[in-house]
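Here are a few exercises to work through with the viewer open. Try each task yourself before you read its solution.

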Amino acid sequence: METLAALLHGFEVAISPINLLWALVGVTLGTAVGVLPGLGPALTIALLLPITYKVDAIGAFILFAGIYYGAMYGGSTTSILLNTPGESATIITAIEGNRMARNGRGGAALATAAIGSFVAGSIGIIGLTFLAPVIVEFALRFGPAEYFALMVLAFVAVSAVLGNSTVRGLTSLFFGIFLGLIGVDLQTGQPRFTFGLLELLDGINVIVVAVGLFAVGETLFLAARHRYGQDEIIPVRGSIWMTAEDWKRSWKAWLRGAAIGFPIGAMPAGGAEVPTFLSYFVEKKLSPKPEEFGHGAIEGVAGPEAANNASATGVLVPMLTLGLPTSATAAIMLSAFQSYGINPGPLLLQNQPALVWGLIASLYIGNVMLLVLNLPLIGLWVRILAIPKPLLYGGILVFATIGTYGISQSVIDLVLLYLIGGVGYLMRRYDFPTAPAIIGMILGPLAEQEFRRAMQVSQGDPTVFLTHPLSATLLAIAVLVVAAPQVYRFYRRNRPPRD
Amino acid sequence: MRLPKAKGQVALAVGVIGLAAVVWHQTTAIPVSPIYARIGPTVFPTMVAAGLFVVGLMLLWQALRGGWQTEEDQDQSPVDWHALGWVLAGLVLNVALIKPFGFTLASVLLFACVAHGFGSTRPVRDAAVGFVLAGGTYFGFSRLLGLDIGTGLVERLF
């Protein structure tokens, strides 16, 4: 009941005209960047971080949440019509949805993706509404040792689970933590890794890193392989109104997708790929027509899209209750909290109820807006896809430059941006995931803080992390996540073949 | 077939190990007050250096054994140096000119170079689009968000 009253209050906040406007701007912008290949919510929110100096926290977060949500709707449009997954979580949609579009059923594919996202998103938000207070209750008992262990687990999970390789994920993570360490150490006042540059004393701005990795790196990567592969946009054919049979085949897939996506997203490990693949697999198993999979089965779009959206909502649970971001976008939202001087964590719900509940309420509203915006206006979104590449990437780099140069007017920042862009290019070229770098950069300093706090409490005794049962358990899980697949592979390789 | 690809990966792995060495070296340069000796500002950097070193070695091992990217993994076509060169030229020009010429003009050049790299053959149109875009973002950032981007040749006209 308490929760419902709080949520009701949240709606009062979210429904004020100015906040409704922020939500509308957010979902519209989010859909647009989701549709555009090469742009994503993490990059967009990073570029918009300077508004935290001007706009109040509630407005800014409603805008960011709208972008976060809208980008997922837009991303599915691109995967269906272009067969270029905007992000790894839409790979499945790109396979199955693109087949449907080629078979002249693009309209139905877009509809089941949008409605499924709406259904699963709503379920996810309801889950967030009721799960968040419970986790806060639990997390209030955490000490520094537990927090540190939890962060280690999140680090390991995002590096090992996201992407294809644990080693490359960890490389990206350590690189990010290194970037986060640059600057003055807040506890002792010692400069670290500043290489004698005054500009680095305040640390590297997260905008520089996010924009460098995502915008500059991506543009360089696409330029380097420019001659190869032209994407073909498949025009939307077929009614966007689903037939009775489409509905019948979709609704269970939506619910199952939401049931798979939300819990996995809400875990401190996060990640949207696992639930989408899992949902695809489940739908294929349960479908009476498994032979259609790979040739445009509607369940193969409905399930994974629902799972994707529900898990994205789930990611907000550890983010809002523990201050633990498990995706690049969530990490950048965390740095937005920091720029308001707010520390997300169990106390957030008590100290900033209007902000948290207003944000959650605006998710409900944004989700409805997106459903209305997406289906009827699909023609408009498709037209965005037709922006010529030269203009699109020229524009991306101009935005990247102003977003970076504008905050500091420092040419050093600009050089850093392009250097990190070069690193981003190498990461794309050699298949390193970028999200762990962003998460490491933002969460690294917090992890260090908790680590040192825990060590101070224990008077320098490092066994504190192992004598607290919860922290020991979390660390054990972290070790398992890294070691288990390797051990398994080693065992399989060295086992004599049975004959 | 596999050799030239793995060469890049070997170089990358060596680079990661090199970064570990730099982090290690810079960590030893952080002065530590004896009060913080145990849990001071060097503990975490040391862990990062060690971590980078270990993953660097593992990457090197993988690279020397043929690399982690197979032919099918990714389209490993040779780099399009023409396109990449134009984009890089745009970035270098931008860094060099943004102070003396101001944001708008430097951005127009950046935009035109990138567009040309991506295959555009209409430099005048590109410059015009770039001008509108850069002017628009300049206006948005400086007037609406109040960020001071500095004034150059073009900005003074507004």
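Helices here are DSSP runs of H or I with at least four residues, and strands are E runs of at least two, numbered from the N terminus. Keep in mind that this is a predicted model.

**Exercise 1. Work out how many helices and strands chain A has, and whether its radius of gyration agrees or disagrees with that of a compact globule.**

Start with the count: chain A holds 21 helices and two strands. Next, take the box: along the principal axes, the C-alpha atoms fill roughly 65 × 60 × 55 Å. Now the globule check: a compact globule of 499 residues would have a radius of gyration near 23 Å, and chain A comes in at 22 Å, so the two agree. Then look at burial, where 60% of the 499 residues of chain A count as buried. Finish with the contacts: taking those in chain A between residues at least 6 apart in sequence, 81% join residues at least 24 apart.

**Exercise 2. Find the largest nonpolar core and say which helix of chain A gives the most to it.**

The core has 210 residues, and A:Ala46, A:Met151, A:Ala210, A:Val211, A:Ile332 and A:Ile438 have the most contacts inside it. Helix H4 (residues 57-82) of chain A gives the most, with 16 residues. Chain B joins in too: domain 1 (3-64) and domain 2 (81-157) of chain B both give residues to this core, so it lies between them.

Now zoom in on A:Ala46. Leave out residues up to four places away in sequence, and A:Ala46 touches A:Val206, A:Ile207, A:Ala210, A:Val211 and A:Ile332.

**Exercise 3. Describe the contact of chains A and B: how many residues come from each chain?**

Chain B puts in 60 residues and chain A 53 residues. On the chain B side, the elements that give two or more residues are H1 (3-28), H2 (43-64), H3 (81-101), H4 (103-117) and H5 (123-144). H2(B) gives the most, with nine residues. Sort that side of chain B by class and you get 36 nonpolar, 18 polar and six charged residues.

**Exercise 4. Place B:Arg122 and explain why it counts as partly exposed.**

First, the place: B:Arg122 sits in the loop between H4 and H5 of chain B. Second, the exposure: B:Arg122 has 14 C-beta neighbours inside 10 Å, so it counts as partly exposed; buried would take 20 or more, exposed 12 or fewer. Last, a distance: B:Ala112 is 10 residues from B:Arg122 in sequence, and their C-alpha atoms are 9.1 Å apart in space.

Key:
Residues are numbered from 1 along each chain as its sequence is written. Chains are lettered from A and ligands numbered from 1 in the order in which they are written. This is a predicted model: local features need pLDDT of at least 70, side-chain atom pairs count only at pLDDT 80 or more; totals for chains, interfaces and linings use all residues. Two residues are in contact if their C-beta atoms, placed from the backbone, lie within 7 Å. Ala, Val, Leu, Ile, Met, Phe, Trp, Tyr, Cys and Pro count as nonpolar, Asp, Glu, Lys and Arg as charged, and the others, Gly among them, as polar. The radius of gyration is taken over C-alpha atoms; the globule rule is 2.2 Å times the number of residues to the power 0.38. A nonpolar core is a set of buried Ala, Val, Leu, Ile, Met, Phe, Trp, Tyr and Cys residues joined through C-beta atoms within 7 Å. Domain bounds come from an automatic or database domain assignment.
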